[in-house]
Amino acid sequence: MARLVTFLSDYGWEDDFVGVCHGVVARAGAGPVLDLAHGVPRHDVRAGALVLRRALPYCPPGVHLAVVDPGVGTARRGVALALREEDRVLVGPDNGLLALAAERFGGVREAVEVSRSPVRLEPVAATFHGRDVFAPVAARLATGAPLRSLGEPLDPAGLVGLELPAPRVEGDVLVAHAVGFDGYGNVSLESEAGALAPSALGRSGAVRVAGRPARWGRTFADVPPGELLVYEDAYRSLAVAVNRGSARAELGLRLDDEVRIGPA
Amino acid sequence: MARLVTFLSDYGWEDDFVGVCHGVVARAGAGPVLDLAHGVPRHDVRAGALVLRRALPYCPPGVHLAVVDPGVGTARRGVALALREEDRVLVGPDNGLLALAAERFGGVREAVEVSRSPVRLEPVAATFHGRDVFAPVAARLATGAPLRSLGEPLDPAGLVGLELPAPRVEGDVLVAHAVGFDGYGNVSLESEAGALAPSALGRSGAVRVAGRPARWGRTFADVPPGELLVYEDAYRSLAVAVNRGSARAELGLRLDDEVRIGPA
Amino acid sequence: MARLVTFLSDYGWEDDFVGVCHGVVARAGAGPVLDLAHGVPRHDVRAGALVLRRALPYCPPGVHLAVVDPGVGTARRGVALALREEDRVLVGPDNGLLALAAERFGGVREAVEVSRSPVRLEPVAATFHGRDVFAPVAARLATGAPLRSLGEPLDPAGLVGLELPAPRVEGDVLVAHAVGFDGYGNVSLESEAGALAPSALGRSGAVRVAGRPARWGRTFADVPPGELLVYEDAYRSLAVAVNRGSARAELGLRLDDEVRIGPA
């Protein structure tokens, strides 16, 4: 029985990209594939890295395929990474996408470069390594092939990392950044922001967010519909929401915009 | 072999919410999950209840997970409900979402409150009971755990019900309501509307819908492209469509708006 | 063990149409279903046919369900087609949707009309043959039923074909057509366009596309962000893209619009 293959990408659901990768995995005798998310904003490597890091702990160990790959077809490497903790393998481009998830599970124990993997589909299309390189490698890992049979050994120290914006404190104001949005318009701040929050802000009662009145809450319904809420989200990061509305729209936020949280 | 788990929600497909719940089910040794629908309009409990009722008869009996949960994290209960007909169990919030499907299969035989289920993922996030409460409960039911091992017994008589708008007749005019829309812009009326339709309206030929000329039909192509059609939809409810167009947009309808169907 | 069922449609992901078809397949003892694509533009039979043709070679042989069906409920036939090459069966409406994929695998060896198949779900809804006719037929084929037990024999010569626009050459200009778009806004030209391209256009360096400067490339990153690229796409067709942008939007293209590629 093949190991579980999970799949995250920015391919979206409109096209056949995801389905064709499922087909490639099925042809190799693995699957069905567990789709983690395919609505990562197009080409947004960091957003994909953040989602992968937070989602994998909820999945059983397996082969974790991830493709957000604006540099597809260039010199950027393709990699498969065996992690130190649990029996997990990541497969995808070496552009930072896998960096946070790898770190979450103790770092990389063994790495191979798979761009010219013996199991790739030839001719490899310059624009679709998900199908021609990464899916075949993931499928073979799922059916038991050893990592080193699928590519050239690589020094994990040379893997591409990922920069995240850093929250800071100015007096009694926490200055964090909008590092992610979900489909409800809820806004995630950096995962470190919570620990940094000045004690003057408390953890209950009134605050100001981006100059507007808001309240600390545990869940959306702790404020009336249409009002602003600061809370710890389902992944333990500080977040900003509007009950039954969109904080993203309400505050006009774009990725990496500063979000200032201060006393009422 | 685990029982089938089906899943309906308003989580949408952009985020990792659905995928993470799949992961939780897989970790517990169940799955793959059959996704019934995740595009239920956000927070629209009634729309979710209507879709669940109409979709389940087409699925084999199993564990039917459903999450449309604007009150997540409040005092609203989470429940698992064994139904009287067929061997079906519903899992989700006790906010009316499960009410119509339960009624469709003879009502509830046995109920438990699962908010503090021994299989929940601790710490339970106040905003994501789908992941931390409902998915683990559904997975354990699928792998054979008895209902009562997963929560506290609950009197089914106390479960939250659901109100639907009621169609009525005024002279030879049927006054129904837009209770659902699909992605094509087809408009579903209440399931009881058909039985109520005055005989003067017939079942073929010309009628007026919302003041505009329309025709009875069996299928979209019974009227020319761009024209209005009244028909019995695939779930035997009266519905209004525009052939190769959107009746929702054409008539400017919002949820629960009255739709008047009268003689030509 | 049931054979693989793949599924392509224009049902979209918002509604329960796809999920209910999965349910019908599961009830018949087959599945899980491999979703190839459900974001085919609504009612666009040709777009569906093009996607099916290019995607199937990446999937293992199986039962390939496809539904883009603007004429559902009319006299158009429903068919199941055993192909000459590999052990593949196509199931769907006889409106051209299956024509290109059938041709890709050597044509049709045996055909049956399934609209009144003994395994259909009665009463068949006039607007949802995917659920009531095609999914039950596909599931029975997957669990081993012989083709001819599922419908009336049909002469393959009478199946509906599909017209595609034809590229042409005017002097040293290639005049092709936009026959498909993906979610990134990349534009596919006819698959024959590449072979027809005048040698004056070369395969590298500068060209003009729709009157604008562009370059030949192998992948998106071969041009600076925001600039136009002509390339061979992942399915070996000529295509036009904007690196990290949308060529569709940039050039204001609609389906079948001419795309002129000439010397710089």
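This is a guided tour of the chain interfaces, one set of strands and one loop in a predicted model.

**Stop 1: chains A and C together**

Start by selecting chain A and chain C and colouring them separately. Turning through 120 degrees, with 0.0 Å of shift along the axis, places chain A on chain C with an RMSD of 0.0 Å. The two copies are thus related as by a three-fold rotation axis.

Now select the residues where these chains touch. On one side you should have 29 residues of chain A, and on the other 30 residues of chain C. Do the copies meet through different surfaces, or through shared ones? They meet through different surfaces, because only 7% of the interface residues of chain A are also interface residues in chain C.

**Stop 2: the area between A and C**

The size of an interface is often given as the accessible area lost when the parts come together. For chain A and chain C, the buried area is about 2400 Å², and carbon and sulfur atoms give 59% of that. Show A:Asp16, A:Arg27 and A:Thr127 as sticks: in chain A, these residues lose the most area to chain C, together 22% of what that side buries.

**Stop 3: the salt bridge between A and C**

Keep A:Asp16 on screen and add C:Arg54. The two form a salt bridge, with their closest N and O atoms 2.6 Å apart. One salt bridge is found across this interface. If you turn to polar contacts, there are 13 residue pairs between chain A and chain C, with both residues at pLDDT 80 or more.

Which elements of chain A give two or more residues to the side that touches chain C? They are helix H1 (17–27) and helix H4 (129–142) of chain A. Select H1(A) before moving on, since you will want to see the eight residues with which H1(A) gives the most to that side.

Colouring by residue class is a good last step here. The side of chain A that touches chain C has 14 nonpolar, seven polar and eight charged residues.

**Stop 4: over to chains B and A**

Hide chain C and bring in chain B. A rotation of 120 degrees, again with 0.0 Å of shift along its axis, superposes chain B on chain A at an RMSD of 0.0 Å. In this pair, 29 residues of chain B contact 30 residues of chain A. Only 7% of the interface residues of chain B are also interface residues in chain A, so here too the copies meet through different surfaces.

How much area do chain B and chain A bury between them? The figure is about 2400 Å², with 59% of it on carbon and sulfur atoms. Select B:Asp16, B:Arg27 and B:Thr127, which supply 23% of the area that chain B buries against chain A, more than any other three residues.

Next, zoom in on B:Asp16 and A:Arg54. Their side chains meet in a salt bridge, 2.6 Å from N to O, and one salt bridge is found across the interface of chain B and chain A. Polar contacts join 13 residue pairs between these chains, both residues being at pLDDT 80 or more.

Helix H1 (17–27) and H4 of chain B each supply at least two residues of the side that touches chain A. H1(B) has the largest share of that side, with eight residues. By class, the side of chain B that touches chain A divides into 14 nonpolar, seven polar and eight charged residues.

**Stop 5: a loop in chain B**

Stay in chain B and centre on B:Ser115. This residue lies in the loop between strand S6 (108–113) and helix H4 (129–142) of chain B. Show its surroundings: beyond its neighbours within four places in sequence, B:Ser115 contacts B:Arg76, B:Arg77, B:Gly78, B:Arg120 and B:Val133. The side chain of B:Ser115 reaches the backbone nitrogen of B:Gly78 at 3.1 Å. A polar contact of 2.5 Å also joins the side chains of B:Ser115 and B:Glu113.

**Stop 6: strands in chain A**

Finish in chain A by selecting strand S16 (residues 258–263). Strand S9 (residues 173–177) of chain A pairs with S16(A) in the antiparallel sense over four bridges. To see one of the partners, label A:Ala176 and A:Val259, which are bridged.

Now add strand S12 (residues 206–209) of chain A. Three bridges join S12 to S16(A), and these strands run antiparallel. Your last pair to label is A:Val207, which stands opposite A:Pro263 in S16(A).

Technical notes
Residues numbered from 1 in each chain as written. Chains lettered and ligands numbered in written order. Predicted model: local features only at pLDDT ≥ 70, side-chain atom pairs only at ≥ 80, totals over all residues. Heavy atoms only, no water. Least-squares fit on C-alpha atoms with pLDDT ≥ 70 in both. Contact = heavy atoms within 4.5 Å. Buried area = accessible area lost by both parts, 1.4 Å probe. Salt bridge = Lys/Arg side-chain N within 4 Å of Asp/Glu carboxyl O. Polar contact = N/O pair within 3.5 Å; in protein donor to acceptor, adjacent residues only side chain to side chain. Nonpolar A, V, L, I, M, F, W, Y, C, P; charged D, E, K, R; others polar. Pairing = 2+ DSSP bridges.
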